[in-house]
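Trainee: I would like to understand how charged side chains are placed in a protein, and I hope we can work through one example together.
Mentor: Gladly; let us look at the structure and then take the questions in turn.

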Amino acid sequence: ISSMFDNHKLLAVVIQQFNGQKVDERANKHFCDFIEVLLRGNPESMAAFLEKNPEMNQKIVGSIGSGNFCNMILSVAETWQMSDCVHSVVAGWGKVALLQYLESKDTHDSDQLANTVRFLRFLVRTSNFVNSPISKPFVTVLNDDEYLGKMINKAISSDADTCICTIPLVIEILVQNKNRTPGKSPLDNIVLNPPNTSEMTDEERKEYVDKSQEAYRLLKEQLRGDVPSVILILLNRHECLVNSMRDCLDKPESEEPLGFFRFGVVKLVQAILVTNYPYSNAFVAETELVASCLDLFFHYFRHSILHSVIAYIVRYIMAMGNRDLVEMLLIRLDLPSRIAKVFEDAKNSGDTEKLDNLRGYLKMLGVAIRNSSVAEPILRDHAAWNTFVSDILLQEDKSKSNSDESATQEEVALAQKKIARSNLTKKDFTDQLEDKLG
């Protein structure tokens with residue numbers, strides 16, 4: 001193998017004859033085997049050869065649409081720790097793939113975009129690779145604001161098929177950039193409403209509110225500096241995400257199915273929340289992102305996997321206890337009334353199809369809200385909510401107290417099993433589920 005790198009005629013033939021992916025997969029396989037043998041047999045010489053002939057990297061990664069090239073690239077990528085030379089080659093291929101992503105598209109004889117995303121997702125989720133100095137060429141492009149803007153635009157503003165293919169990569173990047181030191185938001189410490197005291201005049205109350213709001217604004221802007229660029233760029237496009245989710249609500253489900261694209265946008269909202277930065281939480285609370293997810297939840301009442309993701313979102317918000325997000329759900333969006341209304345409508349109309357599909361999830365959300373210490377004072381005087389709790393959540397449990405499990409527990413348990421499908425990402429190249437919240 002070493003002697004091959006001294007055979008300049010042979011290497012010249014390799015450079016001249018290989019012009020990228022061929023339709024003939026048999027020829028592709030022979031070339032891929034040849035490249036992999038050289039790389040594994042003498043990684044130092046192969047790395048030096050590719051460095052001297054950068055066009056080869058372009059051609060190799062440009063051929064990733066071929067199944068054989070994709071398998072070869074992923075096989076080498078999985079062994080990036082074998083040596084610094086292999087690591088360097090993989091980082092170089094990753095940089096080419098990032099740039100190629102912006103122009104890639106799938107055709108009838110090439111899965112270039114899908115395989116490029118597959119390769120990039122593997123690199124992004126491999127933390128040791130991303131954090132290594134040898135990977136700097138790849139990471140520099142990945143962290144460039146201008147590049148991230150183009151990447152996100154492609155993922156949310158292209159045709160539906162392209163968005164479906166590329167959204168998982170953006171989700172992967174978001175998850176890898178989540179807040180590693182979460183805790184109570186500093187914004188929660190600012191009391192926006194004045195103390196309930198008769199000693200304050202109207203003018204004093206107004207002054208108190210104005211000062212509190214200004215302190216909140218200044219602290220929120222300060223916290224913005226803690227948020228990775230990819231999250232800020234995506235938040236700035238929140239109206240595009242909302243429009244994508246809501247453009248179907250004026251049509252019946254039979255005429256306008258949910259589709260993988262809208263479902264992918266819901267997963268994007270889930271990923272933004274899981275990053276759990278105080279600034280981004282406060283920002284989301286002022287947008288229509290979660291409101292749009294809830295609109296889809298009630299509109300597509302037969303779509304159990306959608307329900308699983310949105311139930312996950314609501315339960316995550318309630319468990320996290322962020323004041324801005326909880327108040328958004330309970331006050332501005334009035335989720336308790338929407339939950340109670342489904343039960344009330346079914347009782348009044350006699351049509352229980354919507355309730356039958358949503359019952360377990362609605363009870364799960366009801367339990368999450370009821371268990372929240374932040375929600376308790378907000379909902380103390382909420383008539384519709386208190387009626388729902390006494391007549392539905394508690395009453396059905398009492399009526400079946402002699403059974404092994406209450407009705408609510410059974411229905412919630414069934415819904416929880418379905419929520420397992422809503423995990424954010426896949427592990428390596430399999431469909432194994434993983435919990436990205438830990």
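**Charged side chains, paired and unpaired**

Mentor: Lys154 is buried and yet takes part in no salt bridge, and please keep in mind throughout that this is a predicted model.

Trainee: Which side chain of opposite charge is nearest to Lys154, and how far away is that side chain?
Mentor: A salt bridge needs a side-chain nitrogen of Lys or Arg within 4 Å of a carboxyl oxygen of Asp or Glu. For Lys154, which has no such bridge, the nearest side chain of opposite charge lies 6.8 Å away, and that side chain belongs to Glu103.

Trainee: Which backbone oxygen does the side chain of Lys154 reach?
Mentor: Lys154 has its place in helix α10, which covers residues 145-157. Leaving aside neighbours within four places in sequence, Lys154 is in contact with several residues, including Leu102, Glu103, Leu113 and Thr166. At 2.6 Å, the side chain of Lys154 reaches the backbone oxygen of Tyr101.

Trainee: How many salt bridges does a search of the whole structure find?
Mentor: In general, side chains of opposite charge can pair when their charged atoms come close. Although Lys154 has no salt bridge, a search of the whole structure does find such pairs, and their number is 21.

Trainee: What separates Glu207 and Lys211 along their helix?
Mentor: The side chains of these two residues, Glu207 and Lys211, meet in a salt bridge at 3.1 Å, N to O. Glu207 is partly exposed, with a relative accessible area of 41%, whereas Lys211 is exposed, at 55%. Because they stand 4 residues apart in helix α12 (residues 202-223), Glu207 and Lys211 are separated by about one helical turn.

Trainee: Is Arg262 buried or exposed?
Mentor: The side chain of Arg262 meets that of Asp247 in a salt bridge of 3.0 Å, N to O. This pair links distant parts of the chain, 15 residues apart, with Asp247 in the loop between α14 and α15 and Arg262 in helix α15. Asp247 is partly exposed, with a relative accessible area of 44%, whereas Arg262, with a relative accessible area of 8%, is buried.

Trainee: At what relative accessibility does Asp356 count as partly exposed?
Mentor: Asp356 and Arg359 meet through their side chains in a salt bridge at 3.9 Å, N to O. They are 3 residues apart in helix α21 (residues 353-370), and so about one helical turn separates them. Asp356 counts as partly exposed at a relative accessibility of 48%.

Notes. Residues are numbered from 1 along each chain as its sequence is written. This is a predicted model: local features need pLDDT of at least 70, side-chain atom pairs count only at pLDDT 80 or more; totals for chains, interfaces and linings use all residues. Side-chain values use heavy atoms; hydrogens and water are left out. Helices (H or I, at least four residues) and strands (E, at least two) are DSSP runs, numbered from the N terminus. Buried means under 20% relative accessible area, exposed over 50%, partly exposed in between (1.4 Å probe, protein chains only). Lys and Arg count as positive and Asp and Glu as negative; His and the chain ends are not counted. A polar contact is a pair of N or O atoms within 3.5 Å; within protein, one must be able to donate a hydrogen and the other to accept it, and residues adjacent in sequence count only if both atoms are side-chain atoms. Contact means heavy atoms within 4.5 Å.
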